[in-house]
Every structure is written in structure tokens, then in C-alpha cells.
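Work through the exercises below with the model open beside you, and try each task before reading its solution.

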Amino acid sequence: MIRLFLTLAILCGLYNEAYGKASVDIDMKLKALNKPALKTIKSEDGDIIDCVDIYKQHAFDHPALRNHKIQMKPSVEFGTTKTTIPNNGTSKPITSQIWSKSGTCPNGTIPVRRVSREDIMRTSSPSHFGSKTPRKYYFLDNALKHKANYNITAERLRQPIQPDRSEAILITLGYNYLGAQSDINVWNPPGVEHDDYSSAQIWLLAGSATFESIEAGWVVNPHVFGDSRTRLFTYWTKDSYSTTGCTNLLCPGFVQTTTKFALGAAVEPVSTQSSEQYYITVSMYLDPNTRNWWLTVGNNVIGYWPGTLFTVLTHSATAVQWGGEVYSRNVKKTPHTKTTMGSGRYASYLFGDACFHTNVRIKDYSLQIKFPETLSEFTDENECYSTKLNRETYMSEPVFFFGGPGQNRFCP
């Protein structure tokens, strides 16, 4: 009996020691993420937005940015060559976020969504909070060799299976890209499971199978945010999500300059089936004078990824993807996750029912904004999430529809 009590005492001591260390790690993470606020705004959706001194934001905790001189605006603009949104313009742009109804951040500050202890406790480790799991894009090894005859589906089917991601994308590669843009239809995909996420986004990629990436769009991510709201997000990595990069401002890196948008804050209104459609215009482009990659949403310059974060992306991207992604441990297996992509309906449902990208554009070394010369569609699981590049007439703007329900009778 005495031996049993001693064993229990030792186990309790080890548990308390581990719990205490975890609690300290969470406290340190919260201190790093939640910088002192000059003003605090309580949003009607429950978020707390801190107005943080622009020069004291988390980005400058990155070793490569300790002596970084902040760039307040890009030296060039992406520009635009837009046509009308499909179906005679019945889509509307989203120009603000929910929190901005409750207040504004003063000049010289940036709005930052406050992270709670509960947010971090949902992850396996504070150091992994807001990070993706590693993956490879093997097709990037020869990206600049691929021209109009390139078959992305055949190439990717030959590659090792990426076990926890399912993508439905439109891709262009074979050139050097200095920017990309699209109007992303905004939805709230139903039934996103707690440990999954579902996004609609643009990727700019460079490098080899171990790639560099910058990404932006909207996401539903209950694991990070604790709810199922549709939220504005960014991401970056220098090493295929292995050890660098994160979502939004959850690690040092992205430099925010705007007072009007908060990364990770909710986006409303969202589209509904056979009703009003809403979209955000997302642009990412390289400033040739500073080598920083800028992000804009609509007419709002959000901030930039400093060129010093990267090696290959400092010069250009070699592939651009538009579309959606579902993360789940239960993709590409049976039973499949029930997490939906886009609107939750297949691409074949088209406008008003399926999610879309339109006004898809790139900028290359010609510095002209143009529709990509070569495009390929790809989906990891066509019976779960599908794609359709659709053109109503020869002269009309192509629209890329994507998405699906996840688990169903065709995707068991």
C-alpha cells in the first residue's frame, strides 16, 4: 500500500510539473502575441481588437527584422484590368469587418485580434499555434519548364500522396510571377469539423518540393479561432510549413500597415445560395524596389511580407494557385471528413450556388496585368471537392468554380 501511495505521489508530481511548464509556455506565448494596446475595441461578434503601436507589432520580434525600417506604402500598385462579376454584377464587394462597427484604431496603430488562453490550449503545443503541418509540392521542381502542354493532373497523380490536405485549384506555372489577384466569392462553408479548416485563397509559390509560399483569402478554422466564422487570413512559409511561418500575425513575419482591417477578424456578409453574392478582391504583388510582397484587400493596403523572410520568393514566384483547401486527418480515406469546401456544393452548380474566383490575373516581368496564358485545373478528390473553369460565352470573363460537400455517397 505504501508503495502504491509513493507511486501515485510521484505521478502527481510529474503531472503538476508538466502542467506548470505548459502553463508557463502559454503565458509566454500570450505575452508575445498580445502586445500592449493603446486602445481596445470589443466587437459585437465577441472578438477583442487591440490597437497596437505599429512599431511594436509582433513582426519585429523576427531576428531578420530587428533593424527593419517599416515601409508605409508600396512604391508601385498592382493595378487592375477587371471585367464585371458574373451574372450581370449581382455580387457586391466586402469593404469592412464586423469589429469596425464598434470603433476604429487611431493613426500610428494597427488592429490586432487578441488571442485567448483557450485559443492556444486547443493546439498541441504553443509553438505550433497557427501553423500548418508540413507538405511538399513536387511539381515545383521543374516549374519553369512547364508550358502549355503541361498536364498538372497527370503530374500530381504520380507524386506521393499528401495525407492531410485536399485541394481544388486552378494553377498557372512556367513563368516568373510578380503578382496575382482575384475576386474571391465569400461563403461560410457549413459543417467544418473542429480539428479541420476550410479555405478559399490564392497561393504564390517558389522553390522546389521544399517551397516558399505566401497566401491570402478567407478561412473557417475552429481549431485556431474557436468558432465557425468566416475570417480574413494570410499565411507564409520559407520551408514547406516545416518550421517557419504561420497564420496572420501569430508569429513574427508579416508587417501590417493598415488601421482598417484586422487579420483573423470575421468577414461579413457572406453569400447564400441563390441569393446575394459577396466577394473580397485579394491582390499580392512584389515591390521591385524593396523586394517586399504586398497584400491588398479591395482598395485597402493591408501590409507586406518583407523580402528578407525568403530566398527564392525575393525575386519572383514560379507558380500561382487559386482555389480552396480542406485540412483534415480524414481526407483521402474512408470514412471521409464531412468538412465542406467553398459553399459546400460542387463546382457544377455554378453561380449563386458554388464558390468561385473570378477576375483571375497575374503580373509577370512584362509588368502587364493579364489573364494567365496557361491554366490547369486540379482536384485531389473529385467526388468530394470539384472544379470547373467556366466561360458563358467566348467573350465573357472566365470564372473558376470550386468546392463540395466532403463526405457523401460518392465520397464515403
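**Exercise 1. What volume does the largest cavity have, and which residues and elements line it?**

Solution. The model is predicted, and the values below are computed from it. Begin with the count: the structure holds one cavity of 30 Å³ or more. The volume of the largest cavity is about 190 Å³. Turn next to its wall, which consists of 18 lining residues, with Val 112, Arg 113, Val 115, Leu 249 and Leu 250 nearest the centre. The elements that contribute two or more residues to this lining are β4 (109-113) and α5, and β4 gives the most, with three residues. Finally, sort the lining by class: 11 residues are nonpolar, five are polar and two are charged.

**Exercise 2. Describe the sheet to which β4 belongs, naming its strand order and its edge strands.**

Solution. First establish the order, which is β1-β2-β4 in an open sheet of three strands with antiparallel pairing. The edges then follow from the pairing, since β1 (37-42) and β4 each pair on one side only. From one strand to the next, the twist averages 25 degrees. Now look at a single pairing: β2, which covers residues 48-53, is joined to β4 in the antiparallel sense over five bridges. Within this region, Asp 53 stands opposite Thr 109 of β4.

**Exercise 3. Characterise the largest pocket by its volume, its lining and the classes of its lining residues.**

Solution. Start with the volume, which for the largest pocket is about 750 Å³. Its lining comprises 39 residues, and those nearest the centre are His 128, Phe 129, Gly 130, Ser 131 and Lys 132. Two or more lining residues come from each of β6 (197-207), α5 (222-225), β8 (231-237) and β9 (246-247). Dividing the lining by class gives 16 nonpolar, 17 polar and six charged residues.

**Exercise 4. Which element gives the most to the lining of the second largest pocket, and how does that lining divide by class?**

Solution. The second largest pocket encloses about 450 Å³ of space. It is lined by 23 residues, of which Ser 283, Thr 296, Gly 298, Asn 299 and Asn 300 are closest to its centre. The elements with two or more residues in this lining are the strands β11 (277-286), β12 (293-297) and β13 (300-305). The greatest contribution is that of β11, with five residues. By class, the lining of the second largest pocket has 10 nonpolar, 10 polar and three charged residues.

Conventions:
Residues numbered from 1 in each chain as written. Predicted model: local features only at pLDDT ≥ 70, side-chain atom pairs only at ≥ 80, totals over all residues. Heavy atoms only, no water. 1 Å grid on protein atoms, 1.4 Å probe; cavity = no way out; pocket = protein on both sides within 12 Å on 5 of 7 lines; lining within 4 Å. Points joined across faces, edges and corners; volume = space filled by probe spheres on them. Helix = DSSP H or I, 4+ residues; strand = E, 2+ residues; numbered from the N terminus. Nonpolar A, V, L, I, M, F, W, Y, C, P; charged D, E, K, R; others polar. Pairing = 2+ DSSP bridges. Axes fitted to C-alpha atoms, helices over the stretch in contact; angles between N-to-C directions.
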